[in-house]
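Q: Could you walk me through how to read a few local features in a protein model with DNA?
A: Gladly; let us look at it together.

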Amino acid sequence: MEIHPPSAPAPVSDPSSVPAGSLLRGLNPEQYEAVTLPHVPALILAGAGSGKTRVLTTRIAWLLQTGQMSPGGVMAVTFTNKAAKEMLTRLSAMLPVNVRGMWIGTFHGLCNRFLRAHWKVAGLPQAFQILDSSDQLSAVKRVIKGMNLDEERFVPKQVSWFIAGAKEDGKRPGDVAIHDGQTQKLVEIYQAYEDQCQREGVVDFAELMLRTYELMRDNAPLREHYQRRFGHILVDEFQDTNRLQYAWLKMFAGPQCSVLAVGDDDQSIYAFRGAQVGNMADFEREFRVQHIIKLERNYRSCGNILDAANHLIGHNSRRLGKNLRTEAGPGEPVRVQESASDYSEAQWILEEAQQLHRQGMARREIAILYRSNAQSRVIESALFNAGIPYRVYGGLRFFERAEVKHALAYLRLIENCNDDTSYLRVVNFPTRGIGARTLEQLQDAARSSGRSLWQSVGAVGGKGGGNLVAFNQLIDSMRNETRGLTLREIIEVMLQRSGLVDFYRTEKEGADRIENLEELVNAAEAFVTQEGFGKDAVALPVDELAPGSMAEGLPRAVAAVDLKPDAETGEIMSPLAAFLTHAALEAGDNQAQAGQDAIQLMTVHSAKGLEFDAVFITGLEEGLFPHENSANEPDGLEEERRLMYVAITRARQRLYLSFSQTRMLHGQTRYHIKSRFFDELPETALKWLTPRTQGFGSGFARDYQAAWQRGSGLQSMVGAGQQPYRTPAPPPPMPTRSPTEVGGQRFKAGMSVFHTKFGEGVIVTLEGSGTEARAQVNFGRHGPKWLALSVAKLTIVE
DNA sequence: TCGTAGAGTGTTTTT
DNA sequence: CACTCTACGA
């Protein structure tokens, strides 16, 4: 793929002559050009730390300020709520503009907004609810059970993934190509799942996108309306868009629309969940993009860090081609540390981090990154034992916690009693004498009549049946009691009447949970205040409703806005329904202690978009980073390299790369060699804190052997004369598992071997011992393979 | 209905 | 190792 220079160099006036107070003040020439582009499609290749958010927001502000666009005519779409919020905040700081009328949000958030306005033509109930991924999973499980299918053959997670994947390819059950019986059945499950969702009035994340896309595609007046409306569409993180999102954008972008796509192919790290980097090239071609601007000036990292990043990513093929540069000096070298074990690695990190902190660096400016979540544990325990405050990203977020989900389920039932997922979640929680047997009967009755669980309670007799009726009455009475109350009051009533609070009061670990339930009340309160639901505000976009808005004049027959206000209050959407939507679309933070100054721990994926003064990239070992599983996927290694690129470019001043010789993984000690990425970094930018073990690959095993024979074990390899790390327990006696003992042969990582079937290859990883011993061998044409050494016939190639 | 022992599992993840 | 899920017995 190649990049054409802008056909006509844009007539950029000298950005340095921009008057004080102007929006455009302080932009560099490329940024300036991007912000002031004419009304045509354009692609901005924005490198890490090149000021892309600034360009996006300044462009919107500029379009509005110069009167080229009214707020209603702009759409800006992002992937995360955080990015959307950031954009809104910055924008309102630049201009006094009513951001509520603007279409700025996540793909899913905008779809929700669209479907709330057009629920009727979209074929949805007005109070449709959104399933998060765990809701979706349990819905899929129910479908599989209901079809009497084997959960071994149809693993709910995989089925769920299949359905989401199909939707993200724009495919309904009828559109999926069927090659075999398995696919046939999967499609049947997909169909049944769809029917179930439709019956219950719920949509999953992918459905929000697909439903919106289809409605735009099939409803010409609606499409024309929106296409006329949006003169400018700006897309953030374009490299992360999937097929459906791309098609969605094309649907909203009419002939008069100028789409500005901002992205960085080198930071595409979500191919595994359907992101198509190829969308960038497709966009360039299909939108006949004339203006491609590269933002390569980096304002974040110092020279050595950028050298490392550029050098590394240079090993990828199929790039759009971009190099980061800085006007800051080279700065400090990139420090490299080798440790004997994951434990001593953690120990070293914490001491180094403490050192930085003592020198005045805030803890929140120090990030510890790893490839996979499992790696955080050792580091966490080291920090915990040392009493150093830290914060782990990832894990359960607020709205995903069990007690919060229970509470939300009650609220959802108040809003829509046909929501079977919520019904099943709380019908017997707290326990009400409704057991598996009773629910079995209820589900059978519901299935055979095609009705919801709620509607089927009458069909179940006996004691269980009576309890079910009582449960329905409980929900009914909650609905009646809360009518007309504020959101806060509704939740308080629900918490009491449902018995949730009482239940957790008697639990031994219930205090935290009650605290979270109280937090839910606060979240609701904050939501009402922020979104203005307290008074007469409605959830629908103001510009869709106001007379004189662009929606006015649209043929009523196609229902631009399907208004159906509450008969009593006149509310278009109840605060409760709005809050439930909010809870589904924005899972919230994962920690309450977010304010504290703490060291930040996270995966490389979740670090994307963030920056820190000091960054530790840990576990840089073959098999971990690059991850062994990526070797099986096409372009897997390139994605791992981009991931590494993302990790490197998070650092402002100081970057540490660290790897360990041994690591506890899944309860087993594994022996690793250092990541191949070290060979792809410029020597001149690196500074080894530990002596280099030469000749990597075979080096480790040989040095280990030598060190062991000297009677000093691994510790002697970690550089005597260094800080007294007090490496704890001596390393596991390697000889029992020694790679050199494996299979009775002298295999070592890095060694060339010959296999009768796969030919010549190089040993990447060795693990296990005796008959368990296995090796990952990289065979040129056949790629990497895991081999059981007791079985595979390998000979050493000299 | 509920608690617990045993098996199974184990990249990355926002919405 | 640490967690989730299932099956079984009280």
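**Reading contacts, backbone and burial**

A: We can start with DNA strand C, which has Arg 377, His 666 and Gly 667 around it. Of the atoms of DNA strand C that come within 4 Å of the protein, sugar and phosphate account for 42%. Please keep in mind that this is a predicted model.

Q: Which residue has a polar side-chain atom 3.1 Å from a phosphate oxygen of DNA strand C?
A: A polar contact is a pair of N or O atoms within 3.5 Å. Here the residue is Arg 377, with a polar side-chain atom 3.1 Å from a phosphate oxygen of DNA strand C.

Q: What about DNA strand B: which residues around it come nearest?
A: There are 29 residues around DNA strand B, and those that come nearest are Arg 371, Thr 431, Ile 434, Gly 435 and Thr 603. By class, the surface near this strand has 17 polar, 7 nonpolar and 5 charged residues. On the DNA side, 54% of the atoms of DNA strand B within 4 Å of the protein belong to sugar or phosphate, and the rest belong to bases.

Q: Which atoms of DNA strand B do Arg 397, Ala 436 and Glu 633 lie close to, in terms of polar pairs?
A: Let us take them one by one. Arg 397 places a polar side-chain atom 3.4 Å from a phosphate oxygen of DNA strand B. Ala 436 uses a backbone N or O atom, which lies 3.1 Å from a phosphate oxygen of that strand. With Glu 633, the partner is a base oxygen of DNA strand B, 2.8 Å from a polar side-chain atom.

Q: Now the backbone. What should I expect for phi and for peptide bonds in general?
A: Most residues other than glycine have a negative phi, and most peptide bonds are trans. With that in mind, look at Phe 429 and Pro 430, which are joined by a cis peptide bond with omega about -5 degrees. Pro 430 sits in the loop between helix 16 (420-426) and helix 17 (436-449). Phe 625 and Pro 626 are also joined by a cis peptide bond, with omega about 10 degrees. Pro 626 is in the loop between strand 13 (612-617) and helix 26 (636-648).

Q: Where does Asn 148 lie, and what is its phi?
A: Asn 148 is not a glycine, yet its phi is positive, about 55 degrees. You will find Asn 148 in the loop between helix 5 (133-146) and helix 6 (156-168).

Q: And Arg 288, where is its place?
A: Arg 288 is in the loop between helix 11 (278-286) and strand 8 (291-295). Arg 288 has a positive phi of about 50 degrees, although it is not a glycine.

Q: Why do Asn 148 and Arg 288 count as exposed?
A: The label exposed needs over 50% relative accessible area. Asn 148 counts as exposed because its relative accessibility is 70%. Arg 288 is at 65%, so it counts as exposed too.

Q: UniProt has a "binding site" feature; where does it place it?
A: The unreviewed UniProt entry puts "binding site" at Ala 46, Gly 47, Ala 48, Gly 49, Ser 50, Gly 51, Lys 52 and Thr 53. Among them, Ala 48 is in the loop between strand 1 (42-46) and helix 2 (52-65). Gly 51 lies in the loop between strand 1 and helix 2.

Q: Is Ala 48 buried or exposed?
A: Ala 48 counts as buried, because its relative accessibility is 2%. Leaving aside residues up to four places away in sequence, Ala 48 touches Asp 264, Gln 267, Asn 298, Arg 300, Leu 324, Thr 649 and Arg 650. Gly 51, at 24% relative accessibility, counts as partly exposed.

How values were computed
Residues numbered from 1 in each chain as written. Chains lettered and ligands numbered in written order. Predicted model: local features only at pLDDT ≥ 70, side-chain atom pairs only at ≥ 80, totals over all residues. Heavy atoms only, no water. Helix = DSSP H or I, 4+ residues; strand = E, 2+ residues; numbered from the N terminus. Buried < 20%, exposed > 50% of the residue type's maximum accessible area, 1.4 Å probe, protein only. Near = heavy atom within 4 Å. Polar contact = N/O pair within 3.5 Å; in protein donor to acceptor, adjacent residues only side chain to side chain. UniProt positions renumbered as here; feature names shortened; annotations may be inferred. Contact = heavy atoms within 4.5 Å. Nonpolar A, V, L, I, M, F, W, Y, C, P; charged D, E, K, R; others polar.
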